[in-house]
Amino acid sequence: MAKFLVLLGPPGVGKGTQAKILSDRTGLAHISSGDLFRENLKNQTELGKLAQTYMGRGELVPDDVTIAMIRERLAQPDCSAGAILDGFPRTPSQADALAVMLDEFNGHVDAVPFIIGAEDVLVERLSDRWTCRANGHIFNQKSNPPDKAGVCDVDGSELYQRDDDKAETVKRRIQVYLEQTSPLISYYRDQGKLIEVDGMQTIEQVTQMLLSALKM
Ligand code: AMP
């Protein structure tokens with residue numbers, strides 16, 4: 001049966017960074033709903049244009065279109081052994097839909113690492129974040145700077161600051177997380193799947209805690 005991990009945690013806590021590392025180390029596919037929306041936006045698809053109106057305000061894209069987009073991604077052959085989900089689900093109804101979809105794909109949510117971080121640190125982290133244009137690799141001006149300013153170490157593409165990483169939007173994203181996504185903590189705790197990890201350590205320390213908690 002295919003195994004899926006759901007990474008839970010507030011914006012800026014390091015879900016994307018850890019998901020990429022875990023994906024490299026385990027060979028499981030990395031599915032980032034935010035990256036999928038940004039790719040659609042870059043290609044100016046109808047979905048991308050719709051998503052932009054919500055993303056720009058720090059709000060959630062409606063469940064129906066988000067679920068349909070993830071469904072299409074889960075059907076790709078690289079997800080047949082499982083995947084690491086980063087940014088999805090973000091509401092209890094998305095989590096219910098995920099369970100139904102995984103059932104259909106002969107998989108299940110195996111574990112839900114919840115990366116915990118203090119809000120004031122998150123706002124600062126996001127305003128120092130630089131993202132790679134080509135593949136979404138993540139750097140931080142202070143804690144994880146690229147070798148050459150403005151250039152991705154991994155693929156040499158341009159680094160940019162996401163529009164929604166500006167302070168005002170970040171505050172709204174954190175509020176949306178607290179209101180709409182944080183109910184997933186008890187949702188998955190009640191299923192015995194939640195694994196709490198302190199996200200305020202170095203990238204490598206958080207990775208080590210995740211790998212040992214997940215026995216990977
Ligand atoms: P992220 O890259 O995960 O921070 O997501 C960036 C933005 O994409 C979010 O602020 C939302 O507007 C949108 N988004 C990403 N994932 C979801 C989701 N599961 N449900 C609704 N909106 C999402």
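Two strands pair if DSSP finds at least two bridges between them. The legends below describe close-up views of a predicted model.

**View 1. Strands 5 and 7 pair in a small part of the predicted model, within a sheet of three strands.**
Strand 5 and strand 7 run antiparallel to each other and pair over two bridges. With two bridges, the two strands reach the cut-off of at least two and therefore count as paired. One residue to find here is T131, whose bridge partner in strand 7 is Y160. The sheet is open, its strand order is 6-5-7, and the pairing is antiparallel. Strand 6 and strand 7 form the edges, each pairing on one side only.

**View 2. A salt bridge links the loops on either side of strand 6.**
E158 and R133 form a salt bridge in which the closest N and O atoms are 3.2 Å apart. E158 lies in the loop between strand 6 (138-140) and strand 7 (159-160), while R133 lies in the loop between strand 5 (129-132) and strand 6, so the pair ties together parts that are 25 residues apart in sequence. Are the two partners buried or partly exposed? E158 is partly exposed, with a relative accessible area of 44%. R133 is also partly exposed, at 40%.

**View 3. The ligand sits in a shell of 16 residues.**
Among these residues, S33, R38, E59, G87 and Q94 come nearest to the ligand. By class, the shell divides into five nonpolar, five polar and six charged residues. Which helix gives the most residues to this shell? Helix 2 (residues 33-42) does, with four residues.

**View 4. Polar atoms of S33, V61 and R173 face nitrogen or oxygen atoms of the ligand at short listed distances.** A polar side-chain atom of S33 lies 2.7 Å from a nitrogen atom of the ligand. For V61, the polar atom belongs to the backbone, and a nitrogen atom of the ligand is 3.0 Å from it. A polar side-chain atom of R173 lies 3.3 Å from an oxygen atom of the ligand. How much of the ligand's accessible area does the protein cover? The protein covers 95% of the 480 Å² that the ligand has on its own.

**View 5. R38 and D35 form a salt bridge within helix 2.**
The side chains of R38 and D35 meet at 2.9 Å, N to O. Both residues lie in helix 2, three residues apart, which is about one turn of the helix. R38 is one of the residues that come nearest to the ligand. With a relative accessible area of 18%, R38 is buried, because buried means under 20%. D35 has 22% and counts as partly exposed.

**View 6. K166 and D163 are joined by a salt bridge.**
The distance between the two side chains is 3.5 Å, N to O. K166 is partly exposed, with a relative accessible area of 40%. D163 is exposed, at 61%. Salt bridges that share partners also join R129, R162, D164, D165 and R173 into one network. R173 also has a polar side-chain atom 3.3 Å from an oxygen atom of the ligand. The structure holds 17 salt bridges.

**View 7. A cis peptide bond joins F88 and P89.**
Most peptide bonds are trans. At the bond between F88 and P89, omega is about 0°. Where does P89 lie? P89 is in the loop between strand 3 (82-86) and helix 5 (92-104).

**View 8. Q44 and N106 have positive phi values.**
Most residues other than glycine have a negative phi. Q44 is not a glycine, yet its phi is positive, at about 50°. This residue, Q44, lies in the loop between helix 2 and helix 3 (46-55). Q44 is partly exposed, with a relative accessible area of 45%. N106 is also a residue other than glycine, and its phi is near 60°. N106 lies in the loop between helix 5 and strand 4 (107-116). At 49% relative accessibility, N106 counts as partly exposed, because the exposed class starts only over 50%.

Key. Residues are numbered from 1 along each chain as its sequence is written. This is a predicted model: local features need pLDDT of at least 70, side-chain atom pairs count only at pLDDT 80 or more; totals for chains, interfaces and linings use all residues. Side-chain values use heavy atoms; hydrogens and water are left out. A residue is near a molecule or strand if one of its heavy atoms lies within 4 Å of it. A polar contact is a pair of N or O atoms within 3.5 Å; within protein, one must be able to donate a hydrogen and the other to accept it, and residues adjacent in sequence count only if both atoms are side-chain atoms. Accessible areas come from the Shrake-Rupley method with a 1.4 Å probe; for residues, only the protein chains shown count as cover. Ala, Val, Leu, Ile, Met, Phe, Trp, Tyr, Cys and Pro count as nonpolar, Asp, Glu, Lys and Arg as charged, and the others, Gly among them, as polar. Buried means under 20% relative accessible area, exposed over 50%, partly exposed in between (1.4 Å probe, protein chains only). A salt bridge is a side-chain nitrogen of Lys or Arg within 4 Å of a carboxyl oxygen of Asp or Glu.
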